[in-house]
Amino acid sequence: MTAKREVKEETGYECKTITELGHPETSIPGWSMLDISDGFLAQAIGKKQAPQIEEYEQARKFTLEWFSSLDNAIATIKSNKVDDANAAKIQTRDLSYLELAAEYLNTHKI
């Protein structure tokens, strides 16, 4: 499955999918791209390996950060002001995924 491969590449973890969170398409004109993403809530399994950051992600200074809780991740993204309008679109998308994950976890036992 593509989502599991992406998680492994970008985080270094294999995962177990819990639920799908959405499939938004975000136009990012400044980067000449249409970002099509699939959001999933997943559980990390196994041992962490080194993530594989792609060149365009490195060029745009994308980083991977782990937080102590989902609430902490949401608060951090909400307080992080992004000057680049194109990066802000990605940040808004990521925040929506985190909020959907929190909503799911608040209404389902896992």
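This report covers confidence, salt bridges, an aromatic pair, the nonpolar core and a few single residues.

**Confidence**

The model is predicted. Mean pLDDT for the chain is 90, and 99% of its residues reach 70 or more. Confidence is highest in H3, with a mean of 96. H2 has the lowest confidence, with a mean of 82. Where pLDDT is low, predicted coordinates should not be read in detail.

**Salt bridges**

Side chains of opposite charge can pair when their charged atoms come close. How many salt bridges does a search of the whole structure find? The search finds six. Three of them are tabulated here, each with its closest N and O distance.

| Salt bridge | Closest N and O atoms |
|---|---|
| Glu14 with Lys8 | 3.1 Å |
| Arg93 with Asp35 | 2.4 Å |
| Asp94 with Arg93 | 2.6 Å |

Take Arg93 with Asp35. This pair links distant parts of the chain. Arg93 sits in helix H4, residues 85-107. Asp35 sits in strand E3, residues 33-36. The two are 58 residues apart. Are these partners buried or exposed? Arg93 is buried, because its relative accessibility is 15% and the cut-off for buried is under 20%. Asp35 has 11% relative accessibility, so this residue also counts as buried.

Arg93 has another partner in Asp94, with the closest N and O atoms 2.6 Å apart. Asp94 counts as partly exposed, at 28% relative accessibility. Salt bridges that share partners also join Arg5, Glu6 and Glu9 into one network.

The bridge between Glu14 and Lys8 has its closest N and O atoms 3.1 Å apart. Glu14 has 43% relative accessibility and counts as partly exposed. Lys8 is partly exposed too, with a relative accessible area of 29%.

**The aromatic pair**

A pair of aromatic rings is described by the distance of the centres and the angle of the planes. A search of the whole structure finds one such pair. Its members are Tyr13 and Trp66, with ring centres 5.7 Å apart. Their planes stand at 85°, so the pair is edge-to-face. Planes over 60 degrees apart take that label.

Which parts of the chain does the pair tie together? Tyr13 lies in the loop between helix H1 (2-11) and strand E1 (14-22). Trp66 lies in the loop between helix H2 (55-59) and helix H3 (70-79). The pair therefore ties together parts that are 53 residues apart in sequence. Trp66 is exposed, with a relative accessible area of 54%. Tyr13 is partly exposed, at 22%.

Tyr13 has further contacts. Leaving aside neighbours within four places in sequence, Tyr13 is in contact with Val7, Lys8, Ala44, Ile45, Gly46, Lys47, Lys48 and Trp66. Lys8, one of these contacts, is also the salt-bridge partner of Glu14. Ser96 lies elsewhere. Tyr13 and Ser96 are 83 residues apart in sequence and 22 Å apart in space, C-alpha to C-alpha.

**Nonpolar core**

In soluble globular proteins, nonpolar side chains tend to be buried together. Which residues make up the largest nonpolar core here? The core has six residues: Ala73, Ile74, Ile77, Leu95, Leu98 and Ala102. H3 and H4 are the elements that give two or more residues to this core.

Ala102 touches Leu70 and Ile74, not counting residues up to four places away in sequence. Of these two, Ile74 is itself listed in the core.

Gln91 also lies in helix H4. Its relative accessible area is 15%, so Gln91 is buried. Not counting residues up to four places away in sequence, Gln91 touches Ile77, Asn80 and Val82. Among them, Ile77 is a core residue.

**Ile36 in strand E3**

Strand E3 holds Ile36. Is Ile36 buried or partly exposed? Ile36 counts as partly exposed, at 47% relative accessibility. Asp35, in the same strand, is buried at 11%.

What does Ile36 touch, not counting residues up to four places away in sequence? The list is His23, Pro24 and Glu25. For Ile36 and Pro24, the C-alpha atoms are separated by 6.1 Å. These residues are twelve places apart along the chain.

Methods: Residues numbered from 1 in each chain as written. Predicted model: local features only at pLDDT ≥ 70, side-chain atom pairs only at ≥ 80, totals over all residues. Heavy atoms only, no water. Salt bridge = Lys/Arg side-chain N within 4 Å of Asp/Glu carboxyl O. Buried < 20%, exposed > 50% of the residue type's maximum accessible area, 1.4 Å probe, protein only. Helix = DSSP H or I, 4+ residues; strand = E, 2+ residues; numbered from the N terminus. Phe/Tyr/Trp six-rings, centres within 6.5 Å; stacked < 30°, edge-to-face > 60°. Contact = heavy atoms within 4.5 Å. pLDDT = per-residue confidence, 0-100. Core = buried A, V, L, I, M, F, W, Y, C linked by side-chain atoms within 4.5 Å.
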